[in-house]
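Please look through the sequence and the model shown here before reading on. The paragraphs after it move from the whole chain to selected places within it.

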Amino acid sequence: MLNMVEHETARIESRFLEPACGDGNFLIQILEKKFETIRTRTPANSLRYSRAIFLALTTLYGIDIIQNNVERCRQRLLERCNREYRHILRADSPELSNSLEVVLGLNIVHGDALRLTRADSNEAITFSEWTFVEGSNIIRRDYEFLTLLENQPIHGKNLFSDLGYDAFIPQPIKDFPPVHFLSLGTTKDWEI
């Protein structure tokens, strides 16, 4: 399956959604491909490498109806990111790890992908789009999953696509102010 989308897995900013993510097997493999790209293009500088790892993780989305799978998927993705950072920089980054936990809490959802609702509340599934601005600041925009699906062609653009003149640009249900990506775990401005 990964070979079919190899050109996209090599792009750090390409987004992937696994609507039945289980404990993350497919998402982990995509993350591995993104890390291969990061290793060849990103200098082993703590801020730049942290930023690349963060960007790679923010592009992965998952839904699963079983809470234990969601928790395990989040844990596995976080552990893999932390291991990558440690492997390259020979250190830990608690700030990066805390920020990645915030992203995973929003990107890997306990829900029903067929009904498009959260499993714990029957509210609509929402996903966050993460965009770097002003160097290392990140903005977050939340979108209802249903809105993203209603306006996407069966063949063509990815979620949050900004390619092409006819690309659908959805309206976010909420915008958040920019914050430094390493401070997500401590920011009070966002409802996380």
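What follows is a walk through this structure, beginning with its overall make-up and ending with single residues.

The model is a predicted one, and it contains 6 helices and 8 strands. Read from the N terminus, these elements follow one another in the order α-β-α-α-β-α-α-β-β-β-β-α-β-β. Of the 192 residues in the protein, 46% are buried, while the accessible surface amounts to about 10,100 Å², with carbon and sulfur atoms contributing 49% of that area. When the contacts with a separation of 6 or more are considered, 65% of them join residues that lie 24 or more positions apart.

One helix pair can be followed in some detail. Helix α3, which covers residues 46-58, packs with helix α5, which covers residues 94-107, at an angle of about 10°, and the two axes are 10 Å apart. Because angles under 35 degrees count as roughly parallel, this angle makes α3 roughly parallel to α5. On the α3 side the contact is formed by S50, I53, F54, L57 and T58, and on the α5 side by L96, S99, L100, V103, L104 and N107. Sorted by class, this contact of α3 with α5 comprises 7 nonpolar and 4 polar residues, with no charged residues.

The cysteines come next. How many disulfides does the structure hold? The number is 0, and C73 offers a case in which the reason can be traced. A disulfide is a covalent bond between the sulfur atoms of two cysteines. The cysteine sulfur closest to that of C73 belongs to C21 and is 4.2 Å away, which is too far for a bond, since the cut-off for a disulfide is a pair of sulfur atoms within 2.5 Å. C73 counts as buried because its relative accessibility is 0%, and C81, also at 0% relative accessibility, counts as buried for that reason too.

Towards the N terminus, F26 is placed in helix α2, which spans residues 25-41. With a relative accessible area of 24%, F26 is partly exposed. Setting aside neighbours within four places in sequence, F26 is in contact with M1, L2 and E18. For L2, the separation along the chain is 24 residues, and its C-alpha atom is 8.5 Å from that of F26.

I66 lies in the loop between β2 (60-64) and α4 (67-89), and it counts as partly exposed because its relative accessibility is 45%. The C-alpha atom of I66 is 8.5 Å from that of A119, although 53 residues separate I66 and A119 along the chain.

Finally, two loop residues deserve a look for their backbone angles. Most residues other than glycine have a negative phi. N122, however, is a residue other than glycine with a positive phi, near 60°, and it is found in the loop between β4 (117-118) and β5 (126-133). E134 likewise is not a glycine and has a positive phi, of about 50°; its place is the loop between β5 and β6 (137-144). Are these residues buried or exposed? N122 has a relative accessible area of 51% and is therefore exposed, and E134, at 63% relative accessibility, counts as exposed as well, the cut-off for exposed being over 50%.

Definitions and conventions:
Residues are numbered from 1 along each chain as its sequence is written. This is a predicted model: local features need pLDDT of at least 70, side-chain atom pairs count only at pLDDT 80 or more; totals for chains, interfaces and linings use all residues. Side-chain values use heavy atoms; hydrogens and water are left out. Axes are lines fitted to C-alpha atoms, for helices over the stretch in contact, and angles run from 0 to 180 degrees between N-to-C directions. Helices (H or I, at least four residues) and strands (E, at least two) are DSSP runs, numbered from the N terminus. Angles under 35 degrees count as roughly parallel, over 145 as roughly antiparallel, 65 to 115 as roughly perpendicular and the rest as oblique. Contact means heavy atoms within 4.5 Å. Ala, Val, Leu, Ile, Met, Phe, Trp, Tyr, Cys and Pro count as nonpolar, Asp, Glu, Lys and Arg as charged, and the others, Gly among them, as polar. Buried means under 20% relative accessible area, exposed over 50%, partly exposed in between (1.4 Å probe, protein chains only). Accessible areas come from the Shrake-Rupley method with a 1.4 Å probe; for residues, only the protein chains shown count as cover.
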